[in-house]
Amino acid sequence: MKEFLITVNGKTYEVQVEETGEKPSVNPIPVPKSAPKVAPMPNPATPKPEVKPVSSGAAGKTVIKSPMPGVIVKVNVNTGDTVKSGTVLCVLEAMKMENEIMASENGVVVSVNTSKGANVNTGDILLTIN
């Protein structure tokens, strides 16, 4: 087994080649081992971390913020509604995907700061739960 460093589009890769006994039609030129190694690419199938609501700092209040820019396609709760942890509060469409925004704790909806069809940015306050 032989090891080589190969550069493609400016990125260097370390490869291992096994000899099969056949004569190669081209003699490979080994690259010195002093070339930097490139970290492997992240796996796109790795699940993304769950978005957690951020506390507003007020006693007992939880502010639910938009995790990404998009359009609100559905608001499932109104001010004064009692919600349980995991209740879908609203649905945010981003990059042609519908993302359910859920309650992280039990409580009462204190304010609904968005509406169906609203364009929101990352960090915009959608709801407040007490």
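This is a conversation about how certain labels are applied to a predicted model.

Colleague: On what basis are features of this model reported?

Modeller: The model is predicted: local features need pLDDT of at least 70 and side-chain atom pairs count only at pLDDT 80 or more, while totals for chains, interfaces and linings use all residues. Residues are numbered from 1 along each chain as its sequence is written, and side-chain values use heavy atoms, leaving out hydrogens and water.

Colleague: Why is N9 called exposed?

Modeller: Exposed means over 50% relative accessible area, buried under 20%, and partly exposed in between, with a 1.4 Å probe and protein chains only. N9 has a relative accessibility of 79%, so N9 counts as exposed. N9 lies in the loop between β1 (2-8) and β2; strands here are DSSP runs of E with at least two residues, numbered from the N terminus.

Colleague: What is noted about the phi of N9?

Modeller: N9 is not a glycine, yet its phi is positive, about 50°. Most residues other than glycine have a negative phi.

Colleague: Where does M95 lie, and why is it called exposed?

Modeller: M95 is in the loop between β7 and β8. Its relative accessible area is 74%, and therefore M95 is exposed. M95 also has a positive phi, of about 55°, although it is not a glycine.

Colleague: Why is Y13 called partly exposed?

Modeller: The relative accessible area of Y13 is 38%, which falls between the two cut-offs, so Y13 is partly exposed. Y13 lies in strand β2 (residues 11-17).

Colleague: What makes the nonpolar surface patch?

Modeller: I6, V8 and Y13 make a patch of about 250 Å². Patch residues have over 30% relative accessible area and no salt bridge (a side-chain nitrogen of Lys or Arg within 4 Å of a carboxyl oxygen of Asp or Glu). Nonpolar side chains (Val, Leu, Ile, Met, Phe, Trp, Tyr) are joined within 5 Å, and like charges within 9 Å. Areas come from the Shrake-Rupley method with a 1.4 Å probe, and for residues only the protein chains shown count as cover.

Colleague: How do you know that β5 and β10 pair?

Modeller: Two strands pair if DSSP finds at least two bridges between them. Strand β5 (residues 70-75) and β10 have two bridges, so they pair, in the antiparallel sense. V71 stands opposite N119 in β10, and G70 opposite V120. β5 is also joined by four bridges to the antiparallel strand β7 (residues 88-94), where C90 is the bridge partner of V75.

Colleague: Why are β8 and β10 called edge strands?

Modeller: The open sheet has four strands in the order β8-β7-β5-β10, with antiparallel pairing. β8 (97-102) and β10 (119-120) each pair on one side only, and are the edge strands.
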